[in-house]
Amino acid sequence: LPIRLSSPAALHFPPSERNSLSPVNPPAMDDISSRYEIPRTAEFLRGRAYTRVALQFPDELLKDAPAVARALRAELGGGAKLFVMADTAYNSCCVDEVGASNIDAQCVVHYGHSCMSPTSNLPAFFVFGKAPLDISLCCRSLLDCSRESSKPVLVLCGLEYAHALDDLKRATMELCKSDCQNSEIHYAEVLCSEMSPSSSSTAEEQCSQSNGSTHNDGLPADNDDLATLVNNCCNVEGSTRKYNLGGLTWRVSTDEKMDDYLLYWIGQDNSAFANIALTFNKCDIVRYDTAANQFSRDVSHLMKILRRRYYLVEKAKDANIVGILVGTLGVAGYLDIIEQMKNLIKTAGKKSYTLVMGRPNSAKLANFPEVLVNSNCLFCFSYVD
């Protein structure tokens, strides 16, 4: 069997990374308009005069696709052809530029969970959804964590909860004043909900340039791959370091390290949380479960995945033949990454070959006995799906 950097089953994430865009019962039209941000989407499409638009839905939201398409068509008033895309070739968190190109789409509207990976050719508009959040309970939990910790708190969240951050800030400030509590709490912001190939390429180049004064946040020497990832999502701007990761952005003083902060995550235990937890694995991390309305400090299951990843990296170093598994055809720069990997493998005196397949799984990969290295988006950097 091929050696993979980890197993998808090991993560035990909720099926299809479900978010609360998808209710138990079919939503009414007013609810559709609000949940799927129909007016804002129509304004974006009208402003750029797009006439062929692809609507990309993950599997769990497909049942709402006809209603969303009807509502969007009615809001646009004609003049634009809408195409619903489903069963994406790779990960539903990435913009499916391959599928969109088959219908000559000028733009992709991406719904639901997203990794915000930069696009190569097409502009994209993201609708994250508005997951419900009990502001009062979350605020209390946040302040309790702040009181228990001597560290400043950095609040991060799944993108579906970003709409509630302003309300959470206000509620936290008011509660701090009433309780005479002085807490140092910082909040991440959503990087963007619109993306064009030109701007995303620029952002990618900026993120991938490692500034000489950028720190690797105290990661030990054997964490070279994660230290590189931390540096690649961080830029030094004057007296601050700006982080961009998973669609979120925040700033930290150059006099501080990420280790100095308590990370407070609002959302599900999914690949977005795993991306944060594994990248900043030396930080104290708390996850607020929005369904149970309580926080948890247990991230041991992710640390096990991290240790297994290091073990398999060492196994890959001993391989004579390495297969490069192309996990995406839409993320900007994927060809450059594959070429870099080929050059590294050749320099190490090993042989390589490239595999391109839709929906990779264990049954397909079992036909290739060599070590496989997966080239994928950030949300899938820890496992092959």
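How many bridges join strand 1 to strand 2, and in which sense do the two run? Keep that in mind as you load the model and start the tour.

**Before you click**

This is a predicted model, in which local features need pLDDT of at least 70, side-chain atom pairs count only at pLDDT 80 or more, and totals for chains, interfaces and linings use all residues. Residues are numbered from 1 along each chain as its sequence is written, and side-chain values use heavy atoms, with hydrogens and water left out.

Start with everything shown as cartoon. The protein has twelve helices and 17 strands; these are DSSP runs numbered from the N terminus, helices being H or I with at least four residues and strands being E with at least two. Buried residues make up 52% of the 385 residues, where buried means under 20% relative accessible area, exposed means over 50% and partly exposed lies in between, using a 1.4 Å probe and protein chains only. Among contacts between residues at least 6 apart in sequence, 73% join residues at least 24 apart; a contact means heavy atoms within 4.5 Å.

**Stop 1: strands 1, 2 and 3**

Select residues 52-56, which are strand 1. Because four of its five residues are buried, strand 1 is largely enclosed by the rest of the structure. Now add residues 81-85: this is strand 2, which runs parallel to strand 1 and is joined to it by five bridges. Two strands count as paired if DSSP finds at least two bridges between them. To see one bridge, pick A54 and its partner F83 in strand 2.

Next, show helix 3 (residues 65-76), which together with strand 1 and strand 2 makes a right-handed β-α-β unit. To check the handedness, point the strands away from you: the crossover is right-handed if the path from the first strand over the helix to the second runs clockwise.

Finally, add strand 3 (residues 107-111), which is parallel to strand 1 and joined to it by four bridges. Here L55 has V109 in strand 3 as its bridge partner.

**Stop 2: D87**

Move on to D87, in the loop between strand 2 and helix 4 (97-101). D87 is exposed, with a relative accessible area of 57%. Which residues does D87 touch, not counting those up to four places away in sequence? Show D59 and R359. Then draw a C-alpha to C-alpha distance from D87 to F57: the two are 30 residues apart in sequence and 8.5 Å apart in space.

**Stop 3: an open antiparallel sheet**

Select strands 7, 11, 10 and 9, which form an open sheet in that order with antiparallel pairing. Strand 7 (189-190) and strand 9 (234-237) stand at the edges, each with a single partner strand, so one side of each is left without a neighbour in the sheet. Zoom in on strand 9 and strand 10 (residues 240-245), an antiparallel pair with four bridges. One bridge links E237 to T240 in strand 10.

**Stop 4: the largest nonpolar core**

The largest nonpolar core has 42 residues, and L156, W250, M258, L263 and F280 touch the most other members. Such a core is a set of buried Ala, Val, Leu, Ile, Met, Phe, Trp, Tyr and Cys residues joined through side-chain atoms within 4.5 Å. Several elements give two or more residues to it, including strand 5 (153-157), strand 11 (248-253) and helix 10 (300-317). Helix 9 gives the most, with six residues.

Center on W250 and list its contacts beyond four places in sequence: among them are L154, L156, Y243, M258, I276 and F280.

**Stop 5: salt bridges**

How many salt bridges are there? The count comes to ten, each being a side-chain nitrogen of Lys or Arg within 4 Å of a carboxyl oxygen of Asp or Glu. Try these three:

- R40 and E37 have their closest N and O atoms 2.6 Å apart. R40 is partly exposed at 31% relative accessibility, whereas E37 is buried at 13%.
- R170 and D167 meet at 2.3 Å, N to O. Both lie in helix 6 (residues 165-178), three residues apart, about one turn of the helix.
- D289 and R287 have their closest N and O atoms 3.8 Å apart. D289 is partly exposed at 24%, while R287 is buried at 15%.
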